Every structure is written in C-alpha cells, then in structure tokens.
Amino acid sequence: MIYFYEDEFLIGGVDTTELENIEAEKYNFVLNKLNIDDNYYLEKLTKSLVYMHLAKMQLESEGMKAKYDVYKAEYEHFFNLAKNNNSIINIKNIPIQRG
C-alpha cells in the first residue's frame, strides 16, 4: 500500500490484498484519468475514492451511507482545490500573453 488509512471501521472489512488492489485502481484513476500528479492532491483524492469504494461495498450496513457522503464531499473538495491549484495540471489552462 502507498498510503495509511485511518478509518479502521471501513478498512476492517477487507483484507490487505483487496485494499492494495482498490488503492492501485483509484491511484491510477487519479493520476491517469484526472491527470493530477501533485503528491498532496494525489493522496487526498486516492484515499477519498478508496473510502468511497469501501463504503459503497458495505452500504447495507448502518451508517455507511453517511460515511460515503462524507468521503464523497472530501473528494469533491480536494478535486476542486487541485483543479484550481497552480500545479502542473493547470499549465495548459494558463493563458500566454505575448507582447
């Protein structure tokens, strides 16, 4: 695993191998599909997606819908920050002025 997961309740329902596979899938999604390579946002978005995935797997359990909603809001928050950050992902969006 690349990251440490604090929500023991969510990760307790899966074994390490499954968690590693989910993390790799979400990490690659953020890096390759969203084109976010800033380490801070890469971690925040990957972890949020992993938590959302795990909560969705256990939606029948009491309180999982609330956990899913919390991590979805966190994902959206960090995605918006990453989009507006002056990192390499936004280089193509910076207008070039010629004089």
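# A four-helix chain, step by step

User: Where does Ala-24 lie, and is it buried or exposed, or in between?

Analyst: Let's start with the place: Ala-24 lies in helix 2. Keep in mind that this is a predicted model. Buried would need a relative accessible area under 20% and exposed one over 50%. Ala-24 has 35%, so in helix 2 it counts as partly exposed.

User: Good to know that it is a prediction. Which helix has the highest confidence?

Analyst: For the protein chain as a whole, the mean pLDDT is 84, and 86% of the residues reach 70 or more. Among the helices, confidence is lowest in helix 1 (residues 8-11), with a mean of 87. Confidence is highest, at 95, in residues 16-33, which form helix 2.

User: Why would I care about that score at all?

Analyst: The score tells you how to treat the picture on your screen. Where pLDDT is low, the predicted coordinates should not be read in detail.

User: What is the order of the elements from the N terminus on?

Analyst: The secondary structure comes to four helices and zero strands. With zero strands, there is no β to place in the order. Reading from the N terminus, the order is α-α-α-α.

User: How are helix 3 and helix 4 oriented to each other?

Analyst: Two packed helices are described by the angle between their axes and the distance between the axes. Helix 3 (residues 39-57) and helix 4 (residues 64-84) have axes 8 Å apart and an angle of about 160 degrees. An angle over 145 degrees is past the cut-off, which makes this pair roughly antiparallel.

User: And what is the orientation of helix 2 and helix 3?

Analyst: This pair has an angle of about 130 degrees, with the axes 9 Å apart. That value is neither over 145 degrees nor in the 65 to 115 range, so helix 2 and helix 3 are oblique.

User: Which hand does each of the two crossings have?

Analyst: Let's take the pairs one at a time. Helix 3 passes helix 4 in a crossing that is left-handed. For helix 2 and helix 3, the crossing is right-handed.

User: Is Ser-48 buried or exposed?

Analyst: Ser-48 is part of helix 3, and it is among the residues of that helix that meet helix 4. Leaving out residues up to four places away in sequence, Ser-48 touches Tyr-71, Glu-74 and Tyr-75. Its relative accessibility is 0%, so Ser-48 counts as buried.

User: How far is the backbone oxygen of Lys-44 from a polar atom of the side chain of Ser-48?

Analyst: Lys-44 and Ser-48 are both among the helix 3 residues that meet helix 4. Between the side chain of Ser-48 and the backbone oxygen of Lys-44, the distance is 2.9 Å.

User: Which residue's side chain makes a polar contact with the side chain of Tyr-71?

Analyst: Tyr-71 sits in helix 4 and is buried, because its relative accessible area of 13% falls under 20%. Beyond its neighbours within four places in sequence, Tyr-71 is in contact with Leu-10, Ser-48, Tyr-51 and Met-52, among others. The polar contact, at 2.7 Å, is with the side chain of Asp-7.

User: What is the C-alpha separation of Tyr-27 and Leu-49?

Analyst: Tyr-27 lies in helix 2, and both Tyr-27 and Leu-49 are among the residues where helix 2 and helix 3 meet. Along the sequence, Tyr-27 and Leu-49 are 22 residues apart. In space, C-alpha to C-alpha, they are separated by 8.7 Å.

User: What share of the contacts with a separation of 6 or more comes from residues 24 or more positions apart?

Analyst: For an example of residues far apart along the chain, take Leu-81 in helix 4 and Tyr-41, which are 40 residues apart yet have C-alpha atoms separated by 8.2 Å. Across the protein chain, the share of such contacts from residues 24 or more positions apart is 62%.

User: One last puzzle: what is the phi of Asn-35?

Analyst: Most residues other than glycine have a negative phi. Asn-35, in the loop between helix 2 and helix 3, is not a glycine, and yet its phi is positive. The value is about 55 degrees.

Notes. Residues are numbered from 1 along each chain as its sequence is written. This is a predicted model: local features need pLDDT of at least 70, side-chain atom pairs count only at pLDDT 80 or more; totals for chains, interfaces and linings use all residues. Side-chain values use heavy atoms; hydrogens and water are left out. Buried means under 20% relative accessible area, exposed over 50%, partly exposed in between (1.4 Å probe, protein chains only). A polar contact is a pair of N or O atoms within 3.5 Å; within protein, one must be able to donate a hydrogen and the other to accept it, and residues adjacent in sequence count only if both atoms are side-chain atoms. Contact means heavy atoms within 4.5 Å. pLDDT is the predictor's confidence in each residue, from 0 to 100. Axes are lines fitted to C-alpha atoms, for helices over the stretch in contact, and angles run from 0 to 180 degrees between N-to-C directions. Angles under 35 degrees count as roughly parallel, over 145 as roughly antiparallel, 65 to 115 as roughly perpendicular and the rest as oblique. A crossing is left-handed if the near helix is turned anticlockwise from the far one by less than a right angle, and right-handed if clockwise.
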